[in-house]
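Visitor: I'm new to this and would like to learn how to read a structure. Could you walk me through it, one feature at a time?

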Amino acid sequence: MQASFHTGNRQNMYASMLPGSIALIFAGHAPLKTGDEPWPFFAERNFVYLTGLSASSEGFILMAVKNAEGETKESLFILPPDLLKERWTGRRVKPDEATSISGIEDIRFLADFETEFHKASASCCHLYLDLGKLVPTEQDNEAYIMARKAAADYPHLQVHTLRPQLRKQRTIKQPCEIEALRVAEDVTRDGILAMMKAAKPGITEYQLKAEYDYALAQRGVLTPGFPSIISCGDNNFCIHYYAYTGTSKDGDMVLNDVGAVWDGMICDVSRGWPVNGHFSEKQRQLYTCVYNTSNYMFSIIKPGMRMGDVDLTARKYNFEQLKGIGLLDDYKDIGKYMWHGGSHHIGYDVHDIVDYRPDLIIEPGMVFCVDIGVYVEEWGIGFRLEDNCLVTENGCENLSAAIPRSIEDIEAFMNA
């Protein structure tokens with residue numbers, strides 16, 4: 001991403017703020033993993049969206065002050081150079097590099113933050129923070145700690161959350177984000193093809209995962225966009241399976257739900273295939289139902305459709321497919337075989353933090369998954385076919401279409 005992308009993101013955010021306000025966005029810190037070791041640092045995604053700084057940005061703070069006339073001054077607080085500490089923990093981002101990446105000219109050191117915030121607070125009445133939790137039990141991050149500090153030490157500052165504005169901005173992907181997703185899809189294709197080519201009865205899930213990880217590493221992607229789900233046989237009935245300890249048997253289906261990350265953008269693709277390279281009759285029946293449903297969804301998704309209707313339409317269409325092979329008679333029973341939703345946005349998060357409401361009208365530039373999963377325990381068959389849908393001016397594009405998805409293409413590749 002170019003600095004202009006992040007600069008534009010910030011300007012859109014500033015436009016939503018009231019005059020006489022301060023905005024603070026924190027990169028965050030890595031939580032403790034063991035008694036003497038933290039988890040690897042992973043920057044808060046909205047901080048990355050607004051600055052472009054991810055690696056080596058632990059503890060960084062973006063501060064923007066919008067005065068009474070509506071003019072905004074922004075500053076980025078980073079760690080100072082420290083040759084001794086850098087020997088142990090790696091090279092730190094230098095001020096000129098931070099400016100080049102983010103487009104922010106005023107670079108300061110973290111030791112100055114408290115003083116600068118105190119000065120700015122004297123002429124402001126509002127404090128904007130990135131406040132938002134997925135679940136109430138989620139641990140407080142720096143934004144919530146700052147909100148408590150403001151209530152105690154700066155009671156004149158009225159606290160607002162920036163999360164709704166940032167969700168809105170991230171809902172429509174810009175051209176540079178879409179191009180990054182295209183590369184992520186291509187890298188993911190390499191990983192899935194490597195697993196398909198290596199698959200055979202007796203291979204373990206961790207061996208398949210090793211094939212996937214190796215293929216990504218050859219493209220410079222050392223960590224996938226999210227923990228890979230790679231399973232076979234009965235383990236396919238755990239939707240979020242991360243053990244990788246199973247061994248495939250002849251006749252099993254392999255399920256994978258994986259995605260590479262490129263320039264911060266994460267794709268999310270699922271494929272299922274028989275470990276022996278040949279679909280059985282029942283596998284073929286179920287896969288055809290799912291494949292038909294997926295293709296139907298890509299034929300109808302277009303601007304003007306309600307977001308909630310994507311999942312609903314997929315479930316209803318797949319019900320008719322499953323009814324056709326004698327698995328179901330009544331739509332109210334669809335939950336017996338379809339265990340999860342069929343659509344979520346992707347981007348800086350694999351389940352992207354965007355404006356997601358059932359009544360949200362689909363617009364060009366949205367990118368979300370079409371995820372059709374079927375799990376028939378009595379047949380011992382469970383898998384999902386998940387592709388990434390880019391909404392265009394007149395319809396949509398399947399960004400992951402080049403990854404084998406039909407029975408014919410999967411069998412041809414695996415048996416070539």
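Guide: Let's start with a hairpin. This is a predicted model, and in it a hairpin of four residues leads from β13 to β14.

Visitor: How many bridges join β13 to β14, and which way do the strands run?

Guide: Three bridges join β13 to strand β14, residues 396-398, and the two run antiparallel. To find a spot where they meet, look at Cys 389: its bridge partner in β14 is Asn 398.

Visitor: Which residues make up strand β12, and how does β12 pair with β13?

Guide: Strand β12 covers residues 367-376, and β12 and β13 pair in the antiparallel sense over ten bridges. One place to look is Val 370, which stands opposite Asp 387 in β13. The hairpin of β12 and β13 has four residues between the strands, and there Gly 380 takes a positive phi near 70°.

Visitor: Now the side chains of a strand. Where do they point in general?

Guide: In a regular strand they alternate between the two faces of the sheet. In β13, one side has Ile 381, Phe 383, Leu 385, Asp 387, Cys 389 and Val 391. The other side has Gly 382, Arg 384, Glu 386, Asn 388 and Leu 390.

Visitor: Are the faces of β13 covered or open?

Guide: Both faces of β13 are covered, with the residues on either side all buried. Eleven of the eleven residues in 381-391 are buried, so β13 is largely enclosed by the rest of the structure.

Visitor: Let's try a single residue. Where does Gln 169 lie?

Guide: Gln 169 belongs to helix α7, residues 163-171. Its relative accessibility is 12%, and buried means under 20%, so Gln 169 counts as buried.

Visitor: What does Gln 169 touch, leaving out residues up to four places away in sequence?

Guide: Gln 169 touches Asn 9, Asn 12, Met 13 and Tyr 49. Take Met 13: Gln 169 and Met 13 are 156 residues apart along the chain, while their C-alpha atoms are separated by 8.1 Å. There's a partner within the helix numbering too, as the side chain of Gln 169 makes a polar contact with the side chain of Gln 165 at 3.0 Å.

Visitor: On to rings. What describes a pair of aromatic rings?

Guide: You use the distance of the centres and the angle of the planes. A search of the whole structure turns up twelve aromatic pairs. One of them is Phe 5 with Tyr 49, an edge-to-face pair at 6.0 Å centre to centre, with 90° between the planes.

Visitor: Which parts does the pair of Phe 5 and Tyr 49 tie together?

Guide: Phe 5 lies in helix α1 (residues 3-15) and Tyr 49 in helix α2 (residues 45-51), so the pair ties together parts that are 44 residues apart in sequence. Phe 5 and Tyr 49 are both buried. Elsewhere, Phe 77, Phe 113, Phe 117 and Tyr 154 form one aromatic cluster.

Visitor: Which charged residues sit over a ring?

Guide: Arg 45 lies over the face of Phe 42, at 4.0 Å from the ring centre. Then there's Lys 209, whose charged end sits over the ring of Tyr 244, 5.2 Å from its centre.

Visitor: And how many salt bridges are there?

Guide: The count comes to 29. Try Glu 116 and Lys 119, whose side chains meet at 3.7 Å, N to O. Both lie in helix α5 (residues 113-121), three residues apart, about one turn of the helix. Glu 116 counts as buried at 18% relative accessibility, whereas Lys 119 is exposed with a relative accessible area of 53%.

Visitor: Which salt bridge does Glu 411 form?

Guide: Glu 411 forms one with Arg 284, the closest N and O atoms being 3.3 Å apart. Glu 411 lies in helix α12 (residues 407-414) and Arg 284 in helix α10 (residues 281-300), so the pair ties together parts 127 residues apart in sequence. Glu 411 is buried, with a relative accessible area of 18%, and Arg 284 is partly exposed at 32%.

Visitor: Which residues are joined into one network by salt bridges that share partners?

Guide: Those are Lys 73, Asp 106, Arg 108, Glu 116 and Lys 119.

Key: Residues are numbered from 1 along each chain as its sequence is written. This is a predicted model: local features need pLDDT of at least 70, side-chain atom pairs count only at pLDDT 80 or more; totals for chains, interfaces and linings use all residues. Side-chain values use heavy atoms; hydrogens and water are left out. Buried means under 20% relative accessible area, exposed over 50%, partly exposed in between (1.4 Å probe, protein chains only). Two strands pair if DSSP finds at least two bridges between them. Contact means heavy atoms within 4.5 Å. A polar contact is a pair of N or O atoms within 3.5 Å; within protein, one must be able to donate a hydrogen and the other to accept it, and residues adjacent in sequence count only if both atoms are side-chain atoms. Rings of Phe, Tyr and Trp (its six-membered ring) pair if their centres lie within 6.5 Å; planes under 30 degrees apart count as stacked, over 60 as edge-to-face and the rest as tilted. A charge sits over a ring if NZ of Lys or CZ of Arg is within 6 Å of the ring centre and within 35 degrees of the ring normal. A salt bridge is a side-chain nitrogen of Lys or Arg within 4 Å of a carboxyl oxygen of Asp or Glu.
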